[in-house]
Amino acid sequence: MIHKVKKLFQNNNVLSLLGNGSAAALGFISFAILARSLTKEEFGSWVLFVTLVTFLDLLRTGMLHTPLIKFSAGKDKKYVQEVTGTAWVIGLAVSLSMSLISLLGLLIPEGFISNVGFQLFIDWIWIFSLATLPFNFATWKLQVESAFGKILFIRLILLGLFIALLVINYFNHYGLQFVLYSFLASNIITSVLCIVFNWTGIHQLPYYSKEKFQEIFNFGKFSMGTMIGANLLRSSDTLLIGALLGPVAVAIYSVPLKLFEIIEIPLRSFVATALPRLSYLVNSNDEKGLVSFFERTSGTTTILLLPFVVICFVFAEPMVVLLGGREYAEAANILRVFSIYAGFMAIDRYSGVTLDVINKPIRNFQKIMMMLAVNLSGDLLVIHFIGEVWSVAMVSIFTFVTGVLFGIYFLKRNIDFSLKRILKAGWEETKSLVFLAPSKGILK
């Protein structure tokens, strides 16, 4: 029994889950400190700034993350060097292009932008785009190597530094500007450490290849669109609420949205470890293994998410109050709505990533665009006719149903799987996890 438990905690999926869970716990702490140390207006502006920075960063992440893993898994050293060097060239080019936003911002008349969050974004995106590149590259490279312990270290350093500085701000009340400087400092220090530890692959820049550039770009333009669209499914709610209902409504919506990470953490963890494995199976032309792995992992993750769904639904109000304070108690029903559509998320996410690795990124992109169209049109309608924050969350249920239906439709045209086998395989794998029996899929 002890040997089985020890082996369980050496598993990449478990390490990934522990890593994401630990990082998310620190993220909750930083969120709670910010909610209590800033006014609602300042907090709403900060959420809007981070949302915009994260969205623009996805231009780069979408272009490079999935292609880097897909084209590196199971390949020889020289091939991987060429992929990494070429990806670095693309990453630098995208980062410098992002920096132009700050220069264009100089042309905007002073006082024209009244929203503090938007103004901070325009003023500071140039340095954030460069400061985050090295540690982002390190996490992508380490994911290819399944070095999830090192990825955990990177996340703990980044968030640990940020929290330490937030505690200083909490007791001294330096304000929003100090929070911004703290965020920037933690990003720069983390990137420097990743370079020092030689985790970024930046030394492979000389292996740049025109052929690999075309290969990565052709794939990356669709994966970038997919990732941006996926982020818009989340951030578009915040942006529309901020633009049409104001920063206070953003603050109220952001508390249950942050708590929703309790459900997203295990999903992100399992998908992160599945991506290199799926890529390896495709690169090895093992179609039978690919179908089996897809069915087992998507089914298991769906079942494992159910306890998190129940917890968020039943204990929504105390969870919201614990994170944001009593003044955010009204947001409890928003968290309950989020938990309802969480049951669809695993199959939606796995169908998308599998479409990517079988070289059908355009289908995943189309799926996300359909979901985005449903979400944006629905948000605008409910804000106009209802005007309440909770109604925006309700739209997400229809959004994810759309994603599941089209994901299944597109994937079914390329691989032979069934929903019945997904649920059956998932249940068998879940029993293996509960009783620590030999595992065939997600715990392998």
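Two residues are in contact here when they have heavy atoms within 4.5 Å. By that yardstick, residues 24 or more positions apart account for 82% of the contacts in this chain with a separation of 6 or more. Keep in mind that this is a predicted model: local features need pLDDT of at least 70, side-chain atom pairs count only at pLDDT 80 or more, and totals for chains, interfaces and linings use all residues. Residues are numbered from 1 along each chain as its sequence is written, and side-chain values use heavy atoms, with hydrogens and water left out.

**Overall fold**
- The chain has 18 helices and 0 strands (DSSP runs: H or I of at least four residues for helices, E of at least two for strands, numbered from the N terminus).
- Its radius of gyration, taken over C-alpha atoms, is 21 Å, close to the 22 Å from the globule rule (2.2 Å times the number of residues to the power 0.38), so the chain is as compact as a globular protein of 444 residues.
- Along the principal axes, the C-alpha trace spans about 60 × 55 × 45 Å.

**Inside the chain**
- Of the 444 residues, 57% are buried (under 20% relative accessible area, 1.4 Å probe, protein chains only).
- The largest nonpolar core (buried Ala, Val, Leu, Ile, Met, Phe, Trp, Tyr and Cys joined through side-chain atoms within 4.5 Å) holds 123 residues, and Phe43, Trp46, Phe49 and Tyr253 have the most contacts inside it.
- Helix α3 (residues 40-72) chips in the largest share of that core, 14 residues.
- Setting aside neighbours within four places in sequence, Phe49 touches Gly117, Leu120, Phe121, Phe128, Leu180 and Phe183.
- A second, separate core has 11 residues, among them Phe135, Leu142, Cys194 and Ala272.

Notes. Buried means under 20% relative accessible area, exposed over 50%, partly exposed in between (1.4 Å probe, protein chains only).
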